[in-house]
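The exercises below are meant to be worked through with the sequence and the structure in view. Try each task before reading its solution.

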Amino acid sequence: MTGLPFDLQLLNLCAALLLLVSFAMLTQRRIVNLVNLLAFQGTLLLVATLLLAWRTGQRHLYLSAVLTLALKVTFLPWMLHRLIRRLEVYWDTEPLLNISGTMLVGLLVVVFAFGLAQPISALASTATRSSIGIAIAVVLLSFITMITRRKAMSQVVGFLSMENGLFFGAMSATYGMPMIVEFGVALDVLVAVIVLGIFFFQIREQFDSLDLHHLESLKEGATVAQADSIVEDS
Amino acid sequence: MRTLDLITQVLEIIAALAVAPLFVGWINQCRAWLQNRRAPSLWLPYRGIRKLFHKDAVIAERASGLFRIAPYIVFSAMVLAAAIIPSMGTALPFTTAADAIALVGLLATARVFQSLAAMDIGTAFGTLGARREMMVGFLAEPALLIVIFVASIISATTALPAITENLATQHLALYPSLAFSAIAFTLVLLAENARIPIDNPSTHLELTMIHEAMLLEYSARHLALMEWAAALKLFNYACIGFALFVPWGISTSEGTPLTLLASIPLLAGKLLIVGAGLALVETVSAKLRVFRAPEFLATAFLFAVLGLLVHLLLGA
């Protein structure tokens, strides 16, 4: 460790904090905090990208840093906050598993991800190859976040955090994806969030709730679910 | 063994015994300031202990020998722990006898005897406190052990002085793993010393108390020893924290009397800062419901394990 240059140490710190933020998301009950954590994750990603760009001298990484700043740090959190205000959903329901249980499952997933990443890291030649495990862990933890939440809002945040994990993975394994792919993914995410935002209103119009549980029942059952949800929400 | 080492050893034990109540007094004072109250005297804990030593002990009829002997066992366990934690110097003759894992065991012994003594009388409160204490203990202990493992892996030894010396003399580097462990350790410290998110040290409200519930049946010298031991425990935890995470300024094995002298004001400064910090944490946070305590300690465990995993993956 003592041999590592300082910027690599900072990169490692960013990676460790990314992992921590994923856990914080996993255990967060309030949706407003969840969005703030997403913004913080984006900021960490931005710092990591800039550090890597400065270290390797890869120009296109600066471009993707700008993209991260515009989209992940600024626009998406702002958009989500606006949605929260307009939909008036400040609280998530209790996650399906209790918090301590979720944490333990998360830890097991991290161990699994680190094991999975070991052969990949051994083959990679980048300076940041050791963070590949963390990137995989972030992706898997976001999966769990999506699985254990009922509300549509938190699932979208989980989805965005997963994209952040993938981005970080690509960065650590190969210093970023080709620019065209990155733009494509960014556009996809942007459109997805906008479309999902419209979806939220539709879902709420139909069921008076953002609980995705209601979507599982067939049409005949929908009226029953609707009645249930009105009782639950009131 | 040098005479200086022996002096360091004796000095550390005396300092721990003498300063522990003062440290508690300092925390109480800071807390009172932060809460806009008039602060009690710094010397109040000493006066309390002296007063208790002058009183006659009242012991319940059904009490067994265990109840009488427990304060002495708990107190001596804490003194022994103070002897093997490097607070001023790392060249301590006693520490060859016990490493960091034995230290955790020593703290656990004290906890077991305290809980057994609380259950011994058979009152409802004692049993309640003992059960809660054991619940907190069994959740906090793994976290504490993993925190120690992280530092042990970095220094490739489980001997606390060697870990401290290694970390103190090493080239300065960013250790995310140690930062995570430090957070985990702080949470464990709060839980284990009956501080606010888990227990409130200054209340006797039946439904929430843990530590105080166990001491309800004690009086006079027994109570004095128990309270002194609690102060020592807090002091010990603070010193473990210094030894693992801010070891700078400690007198190493090549130390001279001068470095030993220099380490004393440094230790005092660290204690002042940590005491104020603890008071701040206790002022800004609310006490958790007892059923939320596992969540709190699971967070500590999570931080500790994340530290370990991050260290194994990144080598940092």
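**Exercise 1.** About how much space lies in the largest cavity? State also which residues line the largest cavity and which helices they come from.

*Solution.* Bear in mind from the outset that this is a predicted model. Begin with the inventory: the structure holds 5 cavities of 30 Å³ or more, and in the largest cavity there is about 70 Å³ of space. Next, list the lining, which consists of A:S64, A:L67, A:T68, A:L71, A:K72, A:E163, A:F167, A:E182, A:V185 and A:A186. Then assign the lining to elements: α3 (59-87), α6 (152-174) and α7 (179-207) of chain A each give two or more residues to it, and α3(A) provides the largest share, with 5 residues. Finally, sort the lining of the largest cavity by class, which yields 5 nonpolar, 2 polar and 3 charged residues.

**Exercise 2.** Describe the side of chain A that touches chain B, working from the extent of the interface to the class of its residues.

*Solution.* Start with the contacts, in which 25 residues of chain A meet 23 residues of chain B. The area that the two chains bury between them is about 2,100 Å², and 81% of it is on carbon and sulfur atoms. Now look for specific pairs: the rule finds 0 salt bridges across the interface of chain A and chain B, and the count of residue pairs in polar contact, with both residues at pLDDT 80 or more, is likewise 0. Turning to the elements, α1 (6-27), α4 (99-123) and α5 (132-148) of chain A each supply at least two residues of the side that touches chain B, and among these α1(A) gives the most, with 10 residues. By class, this side of chain A has 17 nonpolar, 7 polar and 1 charged residues.

**Exercise 3.** Which residues lie closest to the centre of the largest pocket, and which element gives the most to its lining?

*Solution.* The largest pocket has a volume of about 1,000 Å³. Of the 48 residues that line this pocket, B:V24, B:N28, B:P201, B:E212 and B:E227 are the closest to its centre. Several helices of chain B give two or more residues to the lining, including α1 (3-34), α5 (124-155), α8 (211-215) and α9 (220-245). The element that gives the most is α9(B), with 8 residues. As a last step, divide the lining of the largest pocket by class, which gives 26 nonpolar, 10 polar and 12 charged residues.

Note on methods:
Residues numbered from 1 in each chain as written. Chains lettered and ligands numbered in written order. Predicted model: local features only at pLDDT ≥ 70, side-chain atom pairs only at ≥ 80, totals over all residues. Heavy atoms only, no water. Contact = heavy atoms within 4.5 Å. Buried area = accessible area lost by both parts, 1.4 Å probe. Salt bridge = Lys/Arg side-chain N within 4 Å of Asp/Glu carboxyl O. Polar contact = N/O pair within 3.5 Å; in protein donor to acceptor, adjacent residues only side chain to side chain. Helix = DSSP H or I, 4+ residues; strand = E, 2+ residues; numbered from the N terminus. Nonpolar A, V, L, I, M, F, W, Y, C, P; charged D, E, K, R; others polar. 1 Å grid on protein atoms, 1.4 Å probe; cavity = no way out; pocket = protein on both sides within 12 Å on 5 of 7 lines; lining within 4 Å. Points joined across faces, edges and corners; volume = space filled by probe spheres on them.
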